[in-house]
Amino acid sequence: MAHFHTTDGGSTLVISNVTRYDQGPFRCHVSNPVSNGTSGPVDLTINCDRLPLPEVTEEELEERVLMCSVSSGSSLSFLWLNSSSEVTASDRVHTTDEGSTLIIIGVTRYDQGPFRCHAFNPVSNGTSDPVNFVISYGPSNAMMTLLPMKLAYRTGDNITLSCSADSSPAARIWWMFDGMDLDKTGPQLHLQNVTESNSGNYTCMLHNNVTSRFSSESKMIRILSK
């Protein structure tokens with residue numbers, strides 16, 4: 001912030017660290033026991049150079065490290081944003097280098113971003129382009145649903161089995177019946193005009209080819225004759 005002080009018995013005003021808010025107008029008021037007077041206004045011309053947009057780079061380490069840099073400017077402060085929320089320090093999130101570097105330890109699926117760096121000084125400010133993490137996880141929380149939902153079905157019914165899980169990238173899904181591969185893939189299995197021979201245990205298998213993890217979910221279907 002600007003700092004004001006006077007010299008020469010008050011006849012000289014010195015302003016250091018000027019900002020756009022110190023343009024004036026300034027006037028000098030002179031007085032003695034007999035009379036007084038005020039000068040005409042004086043305006044300062046202050047050129048405010050806008051900060052270049054900060055750039056964020058990612059360093060590939062066990063933790064995630066984001067570094068914010070500005071090509072020109074001084075007396076900089078930094079603020080990190082995850083989506084529209086300010087990033088706050090915790091046992092696994094902290095900043096270094098006077099706030100210009102953000103370190104996240106033990107990254108989870110909730111740390112994907114977008115992250116932005118907001119740089120500012122008394123004269124100007126700027127916000128970087130967003131940076132997103134590509135975080136692979138799952139499959140987890142596998143779930144299978146049956147439509148229509150019944151305790152038992154009748155011959156001739158149509159049944160749709162749907163399988164889902166939390167996974168990034170999306171998991172590959174295939175289906176099994178009583179431990180045998182049905183050679184059917186995709187999130188849904190359609191059983192048309194079922195018979196008693198369709199009674200048994202149905203399993204959807206899930207695999208994430210990036211995390212190399214598997215998951216599964218099973219349902220028993222009972223078909224009764226009409």
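**A strand-rich predicted model and serine 162**

A polar contact of 3.2 Å links the side chains of serine 162 and glutamine 188; such a contact is a pair of N or O atoms within 3.5 Å, where, within protein, one must be able to donate a hydrogen and the other to accept it, and residues adjacent in sequence count only if both atoms are side-chain atoms. The model is predicted, with local features needing pLDDT of at least 70 and side-chain atom pairs counting only at pLDDT 80 or more, while totals for chains, interfaces and linings use all residues. Residues are numbered from 1 along each chain as its sequence is written, and side-chain values use heavy atoms, with hydrogens and water left out.

Serine 162 belongs to strand E15 (residues 159-168). Its relative accessible area is 17%, so serine 162 is buried (buried means under 20% relative accessible area, exposed over 50% and partly exposed in between, using a 1.4 Å probe and protein chains only). Leaving aside residues up to four places away in sequence, serine 162 touches Met143, Met144, Thr145, Trp175, Pro187 and Gln188, where contact means heavy atoms within 4.5 Å.

Turning to the whole protein, the secondary structure comes to 0 helices and 21 strands. Helices (H or I, at least four residues) and strands (E, at least two) are DSSP runs, numbered from the N terminus. Of the 226 residues, 30% count as buried.

One open sheet has 4 strands in the order E8-E7-E11-E12, with antiparallel pairing; two strands pair if DSSP finds at least two bridges between them. Strands E8 (85-86) and E12 (125-127) stand at the edges with a single partner strand each, so one side of each has no neighbour in the sheet. Strand E11 (residues 115-120) pairs with E12 over 3 bridges, and phenylalanine 120 stands opposite asparagine 125 in E12.

The backbone offers a few details to look for. The peptide bond from glycine 113 to proline 114 is cis, with omega near 10 degrees, and proline 114 lies in the loop between strand E10 (101-104) and E11. Another cis peptide bond joins serine 168 and proline 169, with omega about -5 degrees; proline 169 sits in the loop between E15 and strand E16 (172-177). Aspartate 183, in strand E17 (residues 180-185), has a positive phi near 60 degrees although it is not glycine, and aspartate 183 counts as exposed at 71% relative accessibility.
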